[in-house]
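Reader: I would like to learn how to read some features of a structural model, one after another. Could we take each general idea and then the case at hand?

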Amino acid sequence: MELELIIITVLSFMVIFTAVFWLLILFEGKDSRDPKPKKFPPVTIIIPAFNEEEIISKCIQSVLDLNYPGKKYILVVNDGSIDKTAEKVKKFLKKGVELLNKKNSGKADSLNQALKKVNTPFYVCLDADSIVSKNALMHMMGYFENKNVAAVTPAMKVFKPKKFVEKVQWVEYLTSVLVRKLSSWIDVIIVTPGPFSVYRTAVIKKLGCYDTKTLTEDMEITYRLHNAGYSVENSVHAEVFTYAPKNLHELLKQRMRWMRGSYQNLFKYSHMLLNRKYGTFGVVMLPITVAALLLAPLAVGFSLYLLYQFVTTLISNIHTALVYGIFFDISWFYTTPFGINAYYFVIAISVLSLGLSVLWLSHRFSKEKVSFNMKLVYFAYILIYFVFLNVVWILSFFEEVLGVGRKW
Amino acid sequence: MVKKLRLRYAALALVITLIIFSMGGLLGYILSAEKSRVLLEEVAETRNEMENLQTELLYIQVLGTEHACPMFKKQVKTTSEELYLMGKQLVAYQDAKDFGVGFEQLKNEYMFLQIRTWLIYNKLREDCGSDDVDVLFFYSSGSCDGCIGQGRILDVLKAELGDRFLVFAVDGIWEQPIMDYMKNDFGVTELPALVISGKTYGFITEQELRGVLCSEYAEKPDFC
């Protein structure tokens, strides 16, 4: 009983602390409007692509449709695709799109090869399975008036989710939109995502371009920017829509890669942990990330234990009710729902309330409506999805420690 | 280049989280303590009633005033009903692991009261006569297949028969010598167990129990 109490206290403390932390930043009421750009410098949009024949045309067209007065250069890097990606891109050559064909060597190397050809002061990395909204670049460029800003991130959303797994990720991405904006207010953005992050070219080149050994070059470059003292901003109005994994297998594969990348970067930049030189990123953000990793096994184990308790109690109660009838019992007045005691009940209510608040705020921030039809999705996101993610944390840790082959 | 350090959000979040936890813990403690306090008060009241019953029983035995029997029987039934409800509360708290301060003491007091009330009732029956049926129900507060079911069956029949059917529930794994003595005396080797008119039964279905009760009552209930 005491061990159970300690575990639930530690886990819920972490959850409540994290939620309160972000809510405090939110309630400070900072302006989420993007600064208007005074200049419109030329920008190169790099689109690394590997076997993206189904979506590449839409991706390129969305870039061509960008509402940006400055000059835009579009460079598609065909990373050794074996499908019709190159043929699809060639249809846009007349519209000024450049195609760079190379042997398959990964996204980071593709970006590095592309950067050799980039002469513009700014460049964008756009994943080929993403579609950018018209005004995205206009929303983002104004942040570069601040010379210390080296990168600006967009508001990523899932493109037309149809399957349940996609819908859960849609909710997750909405939460990320909120958290990323809040992170930018205290300069602790942890990753400049592949779909449509804008970079200051000179800074990236000065830092040595992308690390080809890492699984998550977008996160690694962000750590490197913080390490060098630069800031990363975010525009919540620059929307980019990306295709999310459609099933659990694909999702697992993607998240394993992301998590392994997180571990790699934490190990590589461990000198930043609790180091005042790196500001709030080093002293607050990294410790929260590490604490979450350390608590992951506990979270999974305890969640499964609670689930087991709940299911067995429920089955027992249903069985008893079926055999002996549902009989009103005076003892129902003396216990809280599901037979949990008062302390657990208060914690559960606090955690659930915070979860629902964050969910609602995420929707409001992203100008999306909370839909009652999505109740199962919300339920899955709040109660089940985090268990899945924690399982991935644990599996990817062991994969990374055991040195299982790194691949995209 | 040194980046800005903003600690106030983290510090404030820590303080607020500690406050939430303190409030939760305090609320939980107050709720549990209040439940214990209420139960202890009820136990104290019931103890008084039982002391009164014992005195009345002695009164009957010494002075032989049988005309007091109906009144005393009514009082025993009232005490038995109160203990029956109290037992349900205790089981609910135990299942929810909602242990307030002094829960064990509370449970001990309840168990002693239950057994003494059952003894007084049986003595009163002997001295005053009665058509009511009482059952001594041995359950387990630990893991016990059938205890919940047996309890439900007794609840159903209690609801039908009212105060003609008295249930005295005792925890068969209660660690007191009197429990070992009782189990030994009635040959209770497995839980749940029922003792009706000195005969011991293991788990008994509703149908079977109705059959037993029909044979016990002089004035048969409607279901016989």
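Reader: Where does A:Ile384 lie?

Author: In this predicted model, A:Ile384 lies in helix 12 of chain A. To judge how far a residue is covered, one reads its relative accessible area, where values under 20% count as buried, values over 50% as exposed, and those in between as partly exposed. A:Ile384 has 49% relative accessibility, and therefore counts as partly exposed.

Reader: Which residues make the nonpolar surface patch of about 670 Å²?

Author: A nonpolar patch is read as a group of accessible nonpolar side chains that are joined to one another. Here A:Ile384 is joined by A:Phe164, A:Leu352, A:Leu356, A:Leu376, A:Phe379 and A:Leu383 to make the patch. Helix 11, which spans 342–365, and helix 12, which spans 375–402, each supply at least two residues of the patch in chain A, and helix 12 gives the largest share, with 4 residues.

Reader: Between those two helices there is a loop; which residue in the loop has a positive phi although it is not a glycine?

Author: That residue is A:Lys367, with a phi of about 55°, and its place is in the loop between helix 11 and helix 12 of chain A. Because its relative accessibility is 65%, A:Lys367 counts as exposed. A second case is A:Phe196, which is not a glycine either and has a positive phi of about 70°. A:Phe196 is found in the loop between helix 6 (164–185) and strand 7 (197–200) of chain A, and because its relative accessibility is 0%, this residue counts as buried.

Reader: With which residue does A:Glu368 form a salt bridge, and how should I read such a pair?

Author: Side chains of opposite charge can pair when their charged atoms come close. A:Glu368 forms its salt bridge with A:Lys157, and the closest N and O atoms are 3.2 Å apart. Since A:Glu368 lies in the loop between helix 11 and helix 12 of chain A, and A:Lys157 in strand 6 (residues 149–158) of that chain, the pair ties together parts that are 211 residues apart in sequence. The two partners can also be read by their cover: A:Glu368 is partly exposed, because its relative accessible area is 26%, whereas A:Lys157 counts as buried, because its relative accessibility is 3%.

Reader: How many salt bridges does the structure hold over all chains?

Author: Over all chains, the structure holds 23 salt bridges. One of chain B joins the side chains of B:Arg210 and B:Glu160, at 2.6 Å from N to O. B:Arg210 lies in helix 6 (residues 206–216) of chain B and B:Glu160 in helix 4 (residues 147–161) of chain B, so this pair ties together parts that are 50 residues apart in sequence. B:Arg210 is buried, because its relative accessible area is 13%, while B:Glu160 is partly exposed, because its relative accessible area is 43%.

Reader: Are A:Lys102 and A:Asp109 buried or exposed?

Author: Both A:Lys102 and A:Asp109 are buried, and their side chains meet in a salt bridge at 3.9 Å, N to O. Salt bridges may also be linked in a network, as they are for A:Asp211, A:Glu220, A:Arg224 and A:Lys268.

Reader: How many of the residues of helix 8 of chain A are buried?

Author: Helix 8, residues 217–227 of chain A, is mostly covered, with 10 of its 11 residues buried. Among the buried residues are A:Glu220 and A:Arg224, as well as A:Glu217 and A:Asp218. Just after this helix, A:Gly229 takes a positive phi of about 90°.

Reader: Which residues line the largest cavity?

Author: A cavity is read as a space where a probe fits but cannot get out. The count comes to 1 cavity of 30 Å³ or more, and the largest cavity has a volume of about 30 Å³. A:Glu217 and A:Asp218 belong to its lining, together with A:Leu111, A:Cys125, A:Thr192, A:Pro193, A:Gly194, A:Tyr199 and A:Tyr210. By class, the lining has 5 nonpolar, 2 polar and 2 charged residues.

Reader: Which peptide bond is cis, with omega near 5°?

Author: The bond from B:Leu191 to B:Pro192 is cis, and B:Pro192 is found in the loop between helix 5 (177–186) and strand 3 (193–196) of chain B.

Terms used. Residues are numbered from 1 along each chain as its sequence is written. Chains are lettered from A and ligands numbered from 1 in the order in which they are written. This is a predicted model: local features need pLDDT of at least 70, side-chain atom pairs count only at pLDDT 80 or more; totals for chains, interfaces and linings use all residues. Side-chain values use heavy atoms; hydrogens and water are left out. Patches are made of residues with over 30% relative accessible area and no salt bridge: like charges are joined within 9 Å, nonpolar side chains (Val, Leu, Ile, Met, Phe, Trp, Tyr) within 5 Å. Accessible areas come from the Shrake-Rupley method with a 1.4 Å probe; for residues, only the protein chains shown count as cover. A salt bridge is a side-chain nitrogen of Lys or Arg within 4 Å of a carboxyl oxygen of Asp or Glu. Buried means under 20% relative accessible area, exposed over 50%, partly exposed in between (1.4 Å probe, protein chains only). On a 1 Å grid over the protein atoms alone, a cavity is a set of points where a 1.4 Å probe fits but cannot get out, and a pocket is an open set with protein on both sides within 12 Å along at least five of seven lines; lining residues have an atom within 4 Å of a point. Grid points are joined across faces, edges and corners, and a volume is the space filled by probe spheres set on the points. Ala, Val, Leu, Ile, Met, Phe, Trp, Tyr, Cys and Pro count as nonpolar, Asp, Glu, Lys and Arg as charged, and the others, Gly among them, as polar.
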